[in-house]
Every structure is written in structure tokens, then in C-alpha cells.
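Here are some short exercises on pockets and helix packing, each with a worked solution. Have the sequence and the model open, and try each task before you read on.

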Amino acid sequence: MNRLVFAMPGNEALASQLAHACSASMGALTTRRFPDGESYVRIDSDVRDRDVVLVCTLDRPDEKLIPLLFACDTLRALGAARIVLVAPYLAYMRQDIRFQPGETLANGVFARVISQSVDRLITVDPHLHRVHALDEIYRVPSTVVHAAPAIARWIATHVDGPVLIGPDSESDQWVREVAALAGAPFHVMTKTRKGDRDVEIAVTGIESHSDRTPVLVDDIISTGSTMIATIGHLRSLGLRPAVCIGVHAVFAGSAWENLQRVAARVVTCDTIAHASNQISLVAEIAEAIIAIPEIGTGS
Ligand code: R5P
């Protein structure tokens, strides 16, 4: 097969599973930091005329971006036929509006930079809110892999009598689909965000499900504030401790420990390597890679 899969640092396990699932070979690259903090990147495989899949999830993006750009530039200089970036988590998607005058519209800047370096993008459930599709900001073709079917399968086999709960209107898209696939009722709450770590949750009509297990489903768990506030609200209404499912395990600071203290269970998909990963999306991402016809003549 022509495809060569490279792992940027921290993506080795996912990249190797994807290579196996796509019957592709692994490429080798070396990265390190110089004492002054600058990045060093070396491509150690022959990539001439090869179709390259570069795996780099983009949480904590600032430290990952420069090595990624260096790797892309070097792959091109060495004659790679095409670079497909697999970034299961796509950063900066929540900064999709100037909330205050003078703010950077970070989603667009980030998209332009990535689009200049790769030929295609594969990602998992990007945070689409005021931007409705990736091609509104990305200039390269993209494939969005959906976690809903895998999450629904996990719920069906791990939770008795679930009621699905979306903490805010943006989560409606995931919760509605997962609930339909899992054959469970769902509710979407109203969230008011007062600060990075300060959210207020409101809901009506959930009390009738007090005999069910609440399952919170959201795309991103970052500070955990959304999930923690939702759990507190549900407890005050007499519901059971909730199972929390996030697609992307960002977990800023002590979010993981804080959430574990109040949730019955915390589970995520493997878009960002984390101890909470229980739901694998390897098959779905591999399918998206395979669906792109191979180009290049290398072997
Ligand atoms: C925002 O609208 C997202 O869908 C998540 O609800 C949010 O990113 C969660 O962030 P945090 O864990 O910091 O509350």
C-alpha cells in the first residue's frame, strides 16, 4: 500500500492503530526541543510520491502547531504526494465570534494556517456553533467523523435505563442523535456562561425521569464546569449521580479530578489520549482515511 502514517508526539498509539486498520505502513519522524525552546523536526522515512497521513490531535494547540507546520513543510520538500492531516480534536473552534471589539477571531486564523500546510483534513465532531461547516473557514477538503453511533453503542451496553442530557443548546445536535440511536429519552438544558469556570444550568421537566440514570453528553470537557454544574442541578432535583460522556477529553487543570469527585462515571472517546478514554473511534477514522482515494506512486 502507498499510504504512510506519521504520528506527531503523543499520537503514537492512535496512529499505529490507524495504520493497522488502513493496512498502511508507519513512517518515522523525530522531534525534540532545543535548549532555547525552539522545535526540531526530522522526517526519517522516504516519502517521495507517497500519500502521507499525519496524525496530530490539536488540544493544547500552541505547543503543537510549530512542530506540525515544520513536519508538513519538510514532507512537501521531500516530495510527499499529499498530506492528509488527521486531527481528531480541532482547536480554536469555540473562538468563533469577536465577543469584544479587538478580539482575534482565532478559529479563522487557525484554519487559514492549517489550510496552507495540508491537503485534506479529517477530524471528529468539531465544535460547530456559529460556523456551520468546516469549509466556511478551512480552505482544504475535510471529513467530519461523528462519534454519536459509538457513544450510543457504549450507552446501550453500559447504562441501564438512561435519560440523556445535553447541558446546553449547542449539545442538542449530539444528544438528539445519540438518544435516537440509543432509543432513550433526552433533555437539553439551558446554560448561562458567566466566566471560563462559572456556568449556570436550568432545566424543566426532568423530574419525571428520576427513576433513570442521567447520562450527560457533550462534545468538549474542558474545565469540567459545564458537567459539574449540570450534575449539581440534577442532584438538587433528586436525580441519581450522572454518567458523563465527552467526545473530547481536553480536561484543563484539575478538571478530571474535580469531575470524578461528583460523577458516577466519566467516559470519553479516544480523540485525545486520556485515562477516561473508553470509546474507540479508530474504526470510524480509519474508514474516513480509506474513503479518500490514494494518490502517489511510491511503495
Ligand atoms: C461549549 O459550548 C461546549 O459544547 C462545551 O459545553 C464546553 O466547551 C465545556 O467547557 P467546560 O468543560 O469548560 O465547561
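**Exercise 1.** Work out how many nonpolar, polar and charged residues make up the lining of the second largest pocket, and find which element gives the largest share of that lining.

*Solution.* Keep in mind that this is a predicted model.
- Step 1: sort the lining of the second largest pocket by class, which gives 6 nonpolar, 9 polar and 3 charged residues.
- Step 2: look at the middle of the pocket. Its lining has 18 residues, and Leu14, Asp270, Ile272, Ala273 and Asn277 are the ones nearest the centre.
- Step 3: turn to the elements. Two or more lining residues come from each of helix H1 (12-21) and strand S16 (277-279).
- Step 4: pick out the main contributor, which is H1 with 4 residues, the largest share.
- Step 5: add the volume of this second largest pocket, about 250 Å³.

**Exercise 2.** Describe the largest pocket: its volume, the residues closest to its centre and the classes found in its lining.

*Solution.*
- Step 1: start with the space, about 1,000 Å³ in the largest pocket.
- Step 2: find the centre. The lining counts 38 residues, with Arg94, Arg193, Asp196, Ile220 and Ser222 closest to the centre.
- Step 3: map the lining onto the elements. At least two residues each come from helix H2 (61-77), strand S11 (190-195), strand S13 (213-221) and helix H6 (225-236). S11 provides the largest share, 5 residues.
- Step 4: sort by class, and you get 14 charged, 13 nonpolar and 11 polar residues.

**Exercise 3.** H1 also packs against helix H8 (residues 282-290). Are H1 and H8 parallel or oblique to each other?

*Solution.*
- Step 1: take the geometry. The two axes come within 9 Å, and H1 and H8 cross at roughly 60°.
- Step 2: classify the angle. Since roughly 60° falls outside the ranges for parallel, antiparallel and perpendicular, H1 is oblique to H8.
- Step 3: note the hand, as H1 passes H8 in a right-handed crossing.
- Step 4: list the partners. H1 brings Leu14, Gln17, Leu18 and Ala21, while H8 brings Val282, Ile285, Ala286, Ile289 and Ile290.
- Step 5: sort this contact by class, which gives 8 nonpolar residues, 1 polar and no charged ones.

Leu14 is worth a second look here: this residue is in the contact with H8 and is among those nearest the centre of the second largest pocket.

**Exercise 4.** Now take H2 with helix H3 (residues 106-117), then H6 with helix H7 (residues 255-262). What is the handedness of the H2 and H3 crossing, and of the H6 and H7 crossing?

*Solution.*
- Step 1: for H2 and H3, the axes come within 9 Å and cross at roughly 25°. The pair is therefore roughly parallel, and its crossing is left-handed.
- Step 2: name the residues in contact. From H2 these are Pro61, Leu65, Leu68, Leu69, Cys72 and Arg76, and from H3 they are Phe110, Val113, Ile114 and Ser117. The classes come to 8 nonpolar, 1 polar and 1 charged.
- Step 3: for H6 and H7, the axes lie 10 Å apart at an angle of about 15°, which makes H6 roughly parallel to H7. This crossing is left-handed.
- Step 4: finish with the contact, where Met227, Ile228 and Ile231 of H6 meet Asn258, Leu259 and Val262 of H7. Here 5 residues are nonpolar, 1 is polar and none is charged.

Definitions and conventions:
Residues numbered from 1 in each chain as written. Predicted model: local features only at pLDDT ≥ 70, side-chain atom pairs only at ≥ 80, totals over all residues. Heavy atoms only, no water. 1 Å grid on protein atoms, 1.4 Å probe; cavity = no way out; pocket = protein on both sides within 12 Å on 5 of 7 lines; lining within 4 Å. Points joined across faces, edges and corners; volume = space filled by probe spheres on them. Nonpolar A, V, L, I, M, F, W, Y, C, P; charged D, E, K, R; others polar. Axes fitted to C-alpha atoms, helices over the stretch in contact; angles between N-to-C directions. Parallel < 35°, antiparallel > 145°, perpendicular 65-115°, else oblique. Left-handed = near helix turned anticlockwise from the far one by under 90°. Contact = heavy atoms within 4.5 Å.
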